[in-house]
Amino acid sequence: RHKKLDILAEKLQAGFPQIIGIHINVNKRRDNVIFGNETYCVLGQDTLRDELCGKIFEISPRAFYQVNAEMAEKLYNHAKALAHNEKENNIILDLYCGAGTIGLCLANEKDRLCGVEIIADAVENAKKNAILNGRAEENTLFVCGDASLGVAECKKAFGTPDVIILDPPRKGCEESLLKTVSKQNPKRIVYVSCKPSTLARDLRILEDLGYKTQKVQPVDMFPRTHHVEAVVLLQQLSLPDGK
């Protein structure tokens, strides 16, 4: 590591004391993947700790986290309302779970929660965040792997999921994953999207697979821009009331 990076980091923190850590990510790939596999801390703390929906979260540099906390709380609270009905002890599968933020905010104490994420550091964050927020070990599982593996991991640990949460990147979900999700016949699918065009495409696929889009709520995460987040509830056509 070049000494000039240390000098630059020190000057940045001196000018902006609210900075708690500066990290460098090395990406030698020539495709559209943003982060490389190597990240190291130049200065300060390894993780950021924040509070959201009354819960504590530790976030590593490569883990996804919503930057607009006020609107993120509104989004997560709305998603929680959509995910639950009168049944207790739901089995919730959170695909693309990141550091566990959505799943841990949505799941009630008696719910069984399985989260799946491809970034190993984020999974370690999620495991620690579950402990920080008092989740029972027997009701909580976070695993590192592709989203397509999530269904098998959930069924192995807890059984067939009642609710599946999808929060993919802007490119949306692979059609093969949506087919795998629909084959589990979850009573509810809660889809959180940051790109309306890929959301519309995926909702069309899910509707063709037997699900009906019941509610769509836009959330203005980035005011004064054209970007909009959306949270969507889908239910099986045979179960229009979600029971």
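Two strands pair if DSSP finds at least two bridges between them. Helices (H or I, at least four residues) and strands (E, at least two) are DSSP runs, numbered from the N terminus.

This is a predicted model, in which local features need pLDDT of at least 70, side-chain atom pairs count only at pLDDT 80 or more, and totals for chains, interfaces and linings use all residues. Residues are numbered from 1 along each chain as its sequence is written, and side-chain values use heavy atoms, with hydrogens and water left out.

**Exercise 1. Find the partners of strand S9.**

Which residue in S11 stands opposite Tyr-191?

Step 1. Take strand S11, residues 229-236. S9 pairs with S11 in the antiparallel sense, over six bridges.
Step 2. Find Tyr-191. Val-232 in S11 stands opposite Tyr-191.
Step 3. Turn to strand S8, residues 163-166. S8 and S9 pair in the parallel sense, over four bridges. Ile-164 has Ile-189 of S9 as its bridge partner.
Step 4. Follow the chain from S8 to S9. The path runs through helix H6, residues 175-183, and this β-α-β crossover is right-handed. Right-handed is defined with the strands pointing away from the viewer: the path from the first strand over the helix to the second runs clockwise.

**Exercise 2. Decide how enclosed S9 is.**

Are the residues of S9 buried or exposed?

Step 1. Set the cut-offs. Buried means under 20% relative accessible area, exposed over 50%, and partly exposed in between (1.4 Å probe, protein chains only).
Step 2. Apply them to residues 188-193. Six of the six residues of S9 are buried, so the strand is largely enclosed by the rest of the structure.
Step 3. Sort the directions. Arg-188, Val-190 and Val-192 point one way, while Ile-189, Tyr-191 and Ser-193 point the other way. In a regular strand the side chains alternate between the two faces of the sheet.
Step 4. Contrast Asp-6, found in helix H1 (residues 3-15). Asp-6 is partly exposed, with a relative accessible area of 21%.

**Exercise 3. Place S9 in the core.**

Which residues have the most contacts inside the largest nonpolar core?

Step 1. Define the core. It is a set of buried Ala, Val, Leu, Ile, Met, Phe, Trp, Tyr and Cys residues joined through side-chain atoms within 4.5 Å.
Step 2. Read the result. The largest core has 35 residues, and Phe-142 and Val-190 have the most contacts inside it.
Step 3. List the contributors. Elements giving two or more residues to this core include S8, S9 and S11. Helix H2 gives the largest share, seven residues.

**Exercise 4. Describe the largest pocket.**

Which residues lie closest to the centre of the largest pocket?

Step 1. Define a pocket. On a 1 Å grid over the protein atoms alone, where a 1.4 Å probe fits, it is an open set of points with protein on both sides within 12 Å along at least five of seven lines; lining residues have an atom within 4 Å of a point.
Step 2. Give the volume. The largest pocket has about 1500 Å³. A volume is the space filled by probe spheres set on the points, and grid points are joined across faces, edges and corners.
Step 3. Look at the lining. Of its 45 residues, Ile-118, Ile-119, Pro-168, Pro-169 and Arg-170 are closest to the centre. S9 and H6 are among the elements that give two or more residues to this lining.
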